[in-house]
Amino acid sequence: MSLAVESTDRPEAETGGCGEGGDHATSPGGEASETPRERVNRRWNEIMQETRVAQTGVQILFGFLLSVAFTPLFHDLGTFDHILYVITVVSGAAATASLIAPVSIHRFLAGQRMKDEMVEVAHRLMMCGMALLAVTIGCTLLLILHVVLPGLMAKLLVGAVMLWFALSWYALPLWLRRRSTHRTAQQDPS
């Protein structure tokens, strides 16, 4: 799937954005500071790149899930597995919708000078989509492992994998943010 992204390669003066004079303040580290327009364009481009990665994963997983119901073994599964399958497919569909929504938003609002709002909404949709993707992956694992390893072992393995998702996708970034904020506060005691 291809995502359309507004071009940000043109100078500010050509795009009619902020800071048309082209003068940028220099930060204490010697790097040029971003104008508000450059920052929002960078954030939008980062979100679009992240969306591409997440979309690929969720689309492959969702395609696999849709085919499962048409296999001969599916009809032999018990009620628990059928309910788990429905939860998995619904969460996969919801994750797909959340992760593709920024593209639709961009198409509807391109040229409306609403990029700040688009970045904020796309960020929230990505966070929601990633949580739904984690649920989908966990349910998929449980569905598969419940067939292969009936009993408690499947649930323990899925619990361990989901703990890893929680740590690597959520706890680690939050810890890094907190550590960075703490370090910045120590460097700037004013």
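**Five helices, two of them kinked**

Helix α5 kinks by about 35 degrees at Ala171, shortly before the proline Pro173 (the bend at a residue is the angle between axes fitted to the seven residues ending there and the seven starting there). The model is predicted, so local features need pLDDT of at least 70 and side-chain atom pairs pLDDT 80 or more, while totals for chains, interfaces and linings use all residues. Residues are numbered from 1 along each chain as its sequence is written, and side-chain values use heavy atoms, leaving out hydrogens and water.

Stepping back to the whole chain, the secondary structure amounts to five helices and zero strands (DSSP runs numbered from the N terminus: H or I of at least four residues for helices, E of at least two for strands). Along the sequence this reads as α-α-α-α-α. Of the 190 residues in the chain, 29% are buried (under 20% relative accessible area, with exposed meaning over 50% and partly exposed in between, for a 1.4 Å probe and protein chains only).

Back to α5, which covers residues 152–187. Its 36 residues stretch 50 Å from first C-alpha to last, close to the 52 Å expected at 1.5 Å a residue (1.5 Å times one less than the number of residues). Ala154, Val158 and Phe165 are the buried residues of α5. Val158 counts as buried because its relative accessibility is 9%. In space, the C-alpha of Val158 sits 9.4 Å from that of Ile137, with their positions 21 residues apart in sequence.

Val135, for its part, belongs to helix α4. With a relative accessibility of 39%, Val135 counts as partly exposed. Val135 and Met162 are 27 residues apart in sequence, yet 8.4 Å separates their C-alpha atoms.

The other kinked helix described here is α3, residues 79–109. This helix has 31 residues and spans 44 Å from its first C-alpha to its last, close to the expected 45 Å. The kink in α3 is about 40 degrees, at Ile100, and once again a proline, Pro102, comes shortly after the bend.

What follows α3? Gly111 does, and its phi is positive, near 85 degrees. Arg113, in the loop between α3 and α4, also has a positive phi, near 55 degrees, despite not being a glycine. Most residues other than glycine have a negative phi. The side of Arg113's story that concerns solvent is simple: at a relative accessible area of 67%, Arg113 is exposed.

How the helices pack comes next. Helix α2 (residues 36–68) and helix α4 (residues 115–148) have axes that come within 10 Å and cross at roughly 25 degrees (axes are lines fitted to C-alpha atoms, for helices over the stretch in contact, with angles from 0 to 180 degrees between N-to-C directions). This makes α2 roughly parallel to α4 (under 35 degrees; over 145 is roughly antiparallel, 65 to 115 roughly perpendicular and the rest oblique). In this contact, 16 residues are nonpolar, five polar and four charged (Ala, Val, Leu, Ile, Met, Phe, Trp, Tyr, Cys and Pro are nonpolar, Asp, Glu, Lys and Arg charged, and the others, Gly among them, polar).

α2 packs with α3 too, at an angle of about 150 degrees and with the axes 9 Å apart. The two helices α2 and α3 are therefore roughly antiparallel to each other.
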